[in-house]
Amino acid sequence: MSPENALSKIMISKVVTIDHKMTVEQALNLLDEKQIRSAPVVDDNGKLLGMFSSHDLLASLVPIGVMDGVLPKLNFAHGAAPAIASKLRRLYPHPVTQY
């Protein structure tokens, strides 16, 4: 089997994209619905503007020591989850292009 044929069997032919006008909440809902962690952000003409990643969003909300491995576990501070959730809710109405 040629390499092209093997690739065609595993590649995604219809890529899920995030419209640049979507809010962070809408984008997260789309990622959840499609069971994916990231997707390209495109303009009205389908031009790639960047990537939206649930992991990157979470990383921006969690203290630096947790994400870079200095603190080994997410339970670094009991009770931190409400503060992180609050920060996330404040991001919900913002367009993905502002994130």
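Which residue takes a positive phi in the hairpin of strand 2 and strand 3? I shall return to that question after an outline of the chain. Please bear in mind throughout that we are looking at a predicted model.

Let me begin with the overall composition. The chain has 99 residues, and its secondary structure amounts to 5 helices and 3 strands. Following the sequence, these elements appear in the order α-β-α-β-β-α-α-α. As for coverage, 23% of the residues count as buried. The area exposed by the chain is about 7,400 Å², with carbon and sulfur atoms supplying 57% of that area. If we take the contacts between residues at least 6 apart in sequence, 48% of them join residues at least 24 apart.

I turn now to the strands, and to strand 2 in particular. Strand 2 spans residues 38-42 and is mostly covered, with 4 of its 5 residues buried. Strand 2 pairs with strand 1, residues 18-19, in the parallel sense, over 2 bridges. Within that pairing, Ile18 has Val41 of strand 2 as its bridge partner.

Strand 2 is also joined to strand 3, residues 48-53; here the two run antiparallel, and 5 bridges connect them. In this pairing, Val42 stands opposite Leu48 of strand 3. As a general remark, side chains in a regular strand alternate between the two faces of the sheet.

This brings us back to the opening question. Strand 2 and strand 3 form a hairpin with 5 residues between the strands, and the residue concerned is Gly46, whose positive phi is near 85 degrees.

Definitions and conventions. Residues numbered from 1 in each chain as written. Predicted model: local features only at pLDDT ≥ 70, side-chain atom pairs only at ≥ 80, totals over all residues. Heavy atoms only, no water. Buried < 20%, exposed > 50% of the residue type's maximum accessible area, 1.4 Å probe, protein only. Pairing = 2+ DSSP bridges. Contact = heavy atoms within 4.5 Å. Areas by Shrake-Rupley, 256 points an atom, 1.4 Å probe, with all protein chains shown as cover.
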